[in-house]
Amino acid sequence: MTHAGTLDLRDVTIRLRRSGVAIFDGLGLSVGPGGVTTLMGPSGSGKSTLLAFCGGSLDREAFTAQGAVLIGGERVEALPPERRRLGLLLQDPLLFPHLSVAGNLLYGLPRQRARGRSERRRIVEDALGQAGLQGYADRDPTTLSGGQRARVALLRTLLAEPRALLLDEPFSKLDAALREDVRAFVFDHARARGLPTLLVTHDEADARAAGGPVVLVER
Ligand SMILES: Nc1ncnc2c1ncn2[C@@H]1O[C@H](COP(=O)(O)OP(=O)(O)OP(=O)(O)O)[C@@H](O)[C@H]1O
């Protein structure tokens, strides 16, 4: 199933509440279906803050924010995070330790998709097969390697059928070889599904692999 659309930010201004300093002032950007836009900039320049604004998890006690976030033309900035249908991946893949790999994968699955036990099993096996993780359904996620956890976290995000991806340094803890594999896996999926993707990274190789425009965020 594809969820083609664009991710647009319009006239986004985010200020530190205490000082009134603007971290972003009238920012606009547009990511097309399957495109990846990379945000780069020094530590503290506001990259994660911008993703939090898009995803609906901005700390409103610390920041004030104005502007629009549109997914496929629909304004979402006033919706609660779970209704924005954005896939967020962070540096540390957060898998639920009390659930199996299959339990983690099925966690965000839209209810109408997984009717019976065998259907759910098929969805899990298909997803694991795509990621080279056949046979991992019943594993305890705490026994997986970093790269395997990263893949499971990505599969879980994709199975939840997001309309766009927000990636906050999701490759930075992986060693070089694995990093290339997981990166290709993420970008290939984003392209194949037509998902617009915003990537935060400090790594120029990530930006090159993403292939899209790079936005430099200044302090
Ligand atoms: N909860 C908070 N309360 C007050 N200030 C905050 C809070 N979170 C972040 N900041 C400030 O907002 C600015 C932007 O931080 P942010 O984490 O978005 O930067 P970043 O570019 O993602 O940095 P890094 O590359 O280190 O992850 C920084 O000046 C930071 O100190």
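At what angle do the axes of helix 5 (residues 146-159) and helix 6 (residues 176-193) cross? The two axes cross at roughly 10 degrees and come within 10 Å. Helix 5 is therefore roughly parallel to helix 6. Angles under 35 degrees count as roughly parallel, over 145 as roughly antiparallel, 65 to 115 as roughly perpendicular and the rest as oblique. An axis is a line fitted to C-alpha atoms, for helices over the stretch in contact, and the angle, from 0 to 180 degrees, is taken between N-to-C directions. Helices (H or I, at least four residues) and strands (E, at least two) are DSSP runs, numbered from the N terminus.

The structure is a predicted model, in which local features need pLDDT of at least 70 and side-chain atom pairs count only at pLDDT 80 or more, while totals for chains, interfaces and linings use all residues. Residue numbers start from 1 along each chain as its sequence is written.

## Helix 5 against helix 6

On the helix 5 side, the contact is made by Gly-147, Ala-150, Arg-151, Leu-154 and Leu-158. Helix 6 brings Leu-178, Val-182, Phe-185, Val-186 and His-189. Two residues are in contact if their C-beta atoms, placed from the backbone, lie within 7 Å. The residues of this contact divide into seven nonpolar, two polar and one charged. Here Ala, Val, Leu, Ile, Met, Phe, Trp, Tyr, Cys and Pro count as nonpolar, Asp, Glu, Lys and Arg as charged, and the others, Gly among them, as polar.

## The core and helix 1

The largest nonpolar core has 51 residues. A nonpolar core is a set of buried Ala, Val, Leu, Ile, Met, Phe, Trp, Tyr and Cys residues joined through C-beta atoms within 7 Å. Those with the most contacts inside this core are Cys-54, Leu-105, Leu-155, Leu-166 and Leu-198. Helix 5 gives the most to the core, with seven residues. In soluble globular proteins, nonpolar side chains tend to be buried together.

Apart from neighbours within four places in sequence, Cys-54 is in contact with Val-69, Leu-86, Leu-166 and Leu-198. Cys-54 is also one of the buried residues of helix 1, together with Lys-47, Thr-49, Leu-50, Leu-51, Ala-52 and Phe-53. Helix 1 is mostly covered, as seven of its nine residues are buried. A residue is buried if 20 or more other C-beta atoms lie within 10 Å of its own, exposed if 12 or fewer, and partly exposed in between, with C-beta atoms placed from the backbone. After helix 1 comes Gly-56, whose phi is positive, near 90 degrees.

## Around the ligand

Helix 1 (residues 47-55) gives the most to the shell around the ligand, with three residues. The residues around the ligand are Leu-16, Ile-23, Gly-41, Ser-43, Gly-44, Ser-45, Gly-46, Lys-47, Ser-48, Thr-49, Asp-59 and Ala-62. A residue is near a molecule or strand if its C-beta atom, placed from the backbone, lies within 6 Å of it. The shell divides into three nonpolar, seven polar and two charged residues.

## Single residues

Two residues other than glycine have a positive phi: Asp-11, near 55 degrees, and Glu-169, near 50 degrees. Asp-11 is in strand 1 (residues 7-16). Glu-169 is in the loop between strand 7 (164-168) and helix 6.

The table gives C-beta neighbours within 10 Å.

| Residue | Other C-beta atoms within 10 Å | Class |
|---|---|---|
| Asp-11 | 12 atoms | exposed |
| Glu-169 | 18 atoms | partly exposed |
| Gln-134 | 10 atoms | exposed |
| Ala-137 | 17 atoms | partly exposed |
| Thr-142 | 9 atoms | exposed |
| Arg-15 | 17 atoms | partly exposed |

Gln-134 lies in the loop between helix 4 (117-130) and helix 5. Not counting residues up to four places away in sequence, Gln-134 touches Leu-128 and Gly-129. Ala-137 lies in the loop between helix 4 and helix 5, and outside four places in sequence its contacts are Ser-100, Val-101, Ala-102, Val-124, Glu-125 and Leu-128. Thr-142 has its place in the loop between helix 4 and helix 5. From Thr-142 to Glu-82 the C-alpha distance is 26 Å, with their places 60 residues apart in sequence.

Arg-15 is in strand 1. Beyond four places in sequence, Arg-15 touches Gly-20, Val-21, Ala-22, Ile-23, Phe-63 and Thr-64.
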